[in-house]
Amino acid sequence: TGAPYASPEVKKSPDWVDFPETRWIRSYAAAPIRTKGKVVGILNLCSESPGFYTQAHADLLQAFADQAAIAIDNAQLYSQATQELKDRQRAELELRRVSEFNESILEEMADGVAVQDREGNFTYVNSAAAALFGVTPEEMMRVVNQQVPTPFADVDRDTLMRPNALEFAQAAALLPLRVREVLAAGGFLAGLVQTGDPLEAA
């Protein structure tokens, strides 16, 4: 019925089903354990003494059953949260592995590759691209990102991604004057200026 129930004299109860294993029970009380509107279990009290349990005992037992239901809910929520955390950590690990694999491929390329976010900051520079300026990828990203918030905002992205050193110099020539001054001050453009190509004319 979904409500607490008591049978002070089970032998006199028409609802009681006799089994050999439970014939010792003479008095019985029970309360349902409900979670999310469903009965998921029953809390039982059994006695071999007739008249030991009454409906009052069953009603009190319901309070314990309700606490058990709360504990079950909390355990399920914890299990769900733990599984979601494991799934997220597994996904992050897989993404990290894919990112590291992709970066290893880019790092082995002879062509210069530079990646920027929407704000124009470098998020990745491979060694070939940094070598064009005679610096390490870390130095190039640190100096340019710190001193020039949007260094290539006005330059076509496809032009920047071209691997040829001369074309990279042509792309650099399209940078705003302030950007070129910062790069030049850091020694990044020295190699390109010496080529006598677009930067001198710019």
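Is Y53 buried or exposed at 12% relative accessibility? In this predicted model, Y53 counts as buried because its relative accessibility, 12%, falls under the 20% cut-off. Y53 forms an aromatic pair with F52, and the two rings are arranged edge-to-face, with 4.9 Å from centre to centre and 85° between the planes. The partner ring differs in its surroundings, since F52, at 47% relative accessibility, counts as partly exposed. This pair belongs to a structure that holds 2 aromatic pairs.

The interior can be described through its nonpolar cores. The largest nonpolar core comprises 8 residues, namely A114, F122, V125, A129, A130, F133, V135 and M140. At least two residues of this core are supplied by strand 5, which spans 122-125, and at least two likewise by helix 2, which spans 127-131. Separate from this assembly is a second core of 5 residues, among them A31, I33, L61 and A65.

Nonpolar side chains are also found on the surface, where F101, I105 and M109 form a patch whose accessible area is, for the three residues together, about 280 Å². Within this patch, F101 is placed in helix 1, an element that covers residues 55-108. F101 counts as exposed because its relative accessibility, 52%, lies over the 50% cut-off, whereas F52, at 47%, is classed as partly exposed.

Key: Residues are numbered from 1 along each chain as its sequence is written. This is a predicted model: local features need pLDDT of at least 70, side-chain atom pairs count only at pLDDT 80 or more; totals for chains, interfaces and linings use all residues. Side-chain values use heavy atoms; hydrogens and water are left out. Patches are made of residues with over 30% relative accessible area and no salt bridge: like charges are joined within 9 Å, nonpolar side chains (Val, Leu, Ile, Met, Phe, Trp, Tyr) within 5 Å. Accessible areas come from the Shrake-Rupley method with a 1.4 Å probe; for residues, only the protein chains shown count as cover. A salt bridge is a side-chain nitrogen of Lys or Arg within 4 Å of a carboxyl oxygen of Asp or Glu. Helices (H or I, at least four residues) and strands (E, at least two) are DSSP runs, numbered from the N terminus. Buried means under 20% relative accessible area, exposed over 50%, partly exposed in between (1.4 Å probe, protein chains only). A nonpolar core is a set of buried Ala, Val, Leu, Ile, Met, Phe, Trp, Tyr and Cys residues joined through side-chain atoms within 4.5 Å. Rings of Phe, Tyr and Trp (its six-membered ring) pair if their centres lie within 6.5 Å; planes under 30 degrees apart count as stacked, over 60 as edge-to-face and the rest as tilted.
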